[in-house]
Amino acid sequence: MSFSLSDQNDTIIALATPQGVGAIAVIRLSGKDAIQLTNEVFFGKNLANQESHTIHFGTIRDGEKIIDEVLVSLFIAPKSFTKENVVEISTHGSSYIINQVLKLFIRKGARPAKPGEFTQRAFLNGQFDLAQAEAVADLIHADSETSHQAALSQMRGGFSSEIQELRSRLIHFASMIELELDFGEEDVEFASREELRTLVERLLRVVEELILSFDLGNVIKNGVPTVIAGKPNAGKSTLLNALLNEEKAIVSEIAGTTRDFIEDEINIGGVIFRFIDTAGLRETTDVIEAIGVSRTQEKMKTASLILYLFDLGDTDLFEINRDINKLENQGVPFLKVANKIDKANSLLINELKEQHPDTIFISAGQKDNLEELKARILVLVNLDKFRTGNTIVTNVRHYDSLVKTRESLLDILSGLDNQITNDFVAMDIRRSLHFLGEITGEITTDDLLENIFRNFCIGK
């Protein structure tokens with residue numbers, strides 16, 4: 001897929017609702033001829049004489065043949081999503097009707113839209129910036145409360161406004177230093193180096209904060225990879241089934257039943273967790289089980305959270321302490337989860353409460369204390385920063401540009417410390433402006449736009 005400026009003069013069309021049979025389908029057109037083309041096949045009111053943001057009942061006809069009774073919604077430029085003339089036709093959801101309407105408009109001169117082309121036109125026409133455009137796709141794919149809130153905040157400009165403010169401050173200093181270069185022989189200073197240093201240090205603090213927020217943003221957008229680890233028969237599969245409320249994993253009294261990992265998603269408190277039930281951790285001569293154990297260890301290294309599950313009826317304190325020491329050395333946050341509390345002896349429970357007071361006691365089989373476990377899991381995710389309304393970075397492209405911005409800002413400070421010439425200071429400032437501009441779309445390339453919008457749905 002590629003976009004060109006000549007494409008922007010076309011009137012495009014696409015199905016805006018999902019493929020398949022449904023009660024209603026919405027077909028969207030955008031372009032200068034969208035209303036005119038619709039008028040040619042719509043029998044009802046003359047759409048050319050109607051106001052924007054109005055809905056009209058009538059029929060779509062191919063000559064004398066009636067294809068369907070429809071509702072036509074008008075959005076007249078610039079009061080539309082794309083800032084072009086937009087028509088949305090609500091038809092019955094038959095795949096036959098949809099195809100007939102699409103083919104009719106294509107014969108009349110409309111062109112099938114490419115993935116993301118409606119949103120791309122909105123960006124090019126100044127409806128919003130590139131970061132907001134990307135948030136449209138994130139909003140469509142949001143599958144939890146937190147990912148929805150993050151995408152909605154970005155789409156409404158929360159992230160963009162902060163970046164644009166930073167960039168505008170830096171542009172002022174760039175222009176002053178560029179002006180100094182024009183008067184290089186007169187030894188004048190239009191931009192205070194101390195004020196520049198103060199600004200760059202302030203920018204660095206904000207950029208660092210945004211970079212650090214990416215870990216949380218990635219969790220919000222993609223879910224928290226959470227490994228359930230422990231000895232064979234500790235109840236890992238039973239716990240996964242209890243959390244899912246379905247029999248996802250095979251449960252057996254035979255140790256080593258789970259030979260590989262089983263993964264599924266669970267929504268806890270508006271956050272998606274990707275729970276991974278793994279093969280039990282133990283020495284084994286079974287070749288296939290040994291492969292599963294090895295994969296478990298690899299999964300634990302890449303997890304954001306580990307639930308260390310142990311059987312209170314089949315584990316002693318020495319073994320528990322040994323496993324906890326190993327987990328602490330891995331550096332991955334983990335919860336100590338004592339399972340089968342109904343089979344435990346009171347001595348072991350008291351020892352655990354004394355040595356490991358943060359242990360959570362559950363019975364996965366009886367589903368006891370699972371709500372407490374979920375609450376403790378949410379505490380480790382630490383969504384306080386997100387819930388206070390702070391800007392969160394969820395996009396890896398933005399993260400990469402912020403990291404490059406930080407490097408350029410550090411170069412500015414280094415140049416000021418070493419009293420380098422104005423042309424090199426100006427060059428470092430321009431680099432910082434470039435990387436900040438990449439985020440919001442002030443700086444773009446055709447390849448960048450193609451890479452972003454080709455991942456959108458057709459019709460959006």
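**Figure 1. Serine 237 is a buried residue, at 7% relative accessibility.** Welcome to the first close-up of this predicted model. Serine 237 sits in helix 8, which covers residues 236-244. The residue also has an entry in a record: UniProt lists Ser237 together with Thr258 under "binding site", in an unreviewed entry. Because buried means under 20% relative accessible area, the 7% of serine 237 places this residue in the buried class.

**Figure 2. The whole chain, for orientation before we zoom in again, has 16 helices and 13 strands.** Of the 460 residues in the protein, 48% are buried. Here is a number for anyone who likes contact maps: take the contacts between residues at least 6 apart in sequence, and 66% of them join residues at least 24 apart.

**Figure 3. The loop between strand 5 and strand 6 holds threonine 82 and proline 78.** Strand 5 spans 65-75 and strand 6 spans 86-93, with threonine 82 in the loop between them. Is threonine 82 buried or exposed? Its relative accessibility is 1%, so threonine 82 counts as buried. Which residues does threonine 82 touch, once neighbours within four places in sequence are left aside? The contacts are with Ser30, Phe118, Arg121, Ala122, Asn125 and Gln127. Do look at the backbone of this loop as well: the peptide bond joining alanine 77 and proline 78 is cis, with omega about 5°.

**Figure 4. Helix 10 and helix 11 pack against each other at an angle of about 35°.** Helix 10 runs over residues 317-330 and helix 11 over residues 346-355, and their axes are 11 Å apart. The crossing of helix 10 past helix 11 is right-handed. On the helix 10 side, Leu317, Ile320 and Asn321 make the contact, while helix 11 brings Leu348, Glu351, Leu352 and Gln355. Sorted by class, the residues in this contact of helix 10 with helix 11 are 4 nonpolar, 2 polar and 1 charged.

**Figure 5. Two residues with positive phi, lysine 367 and asparagine 369, share a loop.** If you enjoy checking a Ramachandran plot, this view is for you. Lysine 367 is located between strand 13 (360-361) and helix 12 (370-381), and asparagine 369 lies in that loop between strand 13 and helix 12 too. Neither of them is a glycine: phi is near 60° for lysine 367 and near 65° for asparagine 369. How accessible is lysine 367? At 45% relative accessibility, lysine 367 counts as partly exposed. Asparagine 369 has a relative accessible area of 38%, so this residue is partly exposed.

**Figure 6. Helix 15 covers residues 422-440 and has 19 residues.** From its first C-alpha to its last, helix 15 reaches 27 Å, close to the 27 Å expected at 1.5 Å a residue. Which residues of helix 15 are buried? They are Val425, Ala426, Asp428, Ile429, Ser432, Leu433, Phe435, Leu436, Gly437, Ile439 and Thr440. What comes after helix 15? Glycine 441 follows, and its phi is positive, near 100°.

Definitions and conventions
Residues numbered from 1 in each chain as written. Predicted model: local features only at pLDDT ≥ 70, side-chain atom pairs only at ≥ 80, totals over all residues. Heavy atoms only, no water. Axes fitted to C-alpha atoms, helices over the stretch in contact; angles between N-to-C directions. Helix = DSSP H or I, 4+ residues; strand = E, 2+ residues; numbered from the N terminus. Left-handed = near helix turned anticlockwise from the far one by under 90°. Contact = heavy atoms within 4.5 Å. Nonpolar A, V, L, I, M, F, W, Y, C, P; charged D, E, K, R; others polar. Buried < 20%, exposed > 50% of the residue type's maximum accessible area, 1.4 Å probe, protein only. UniProt positions renumbered as here; feature names shortened; annotations may be inferred. Expected span 1.5 Å × (residues − 1).
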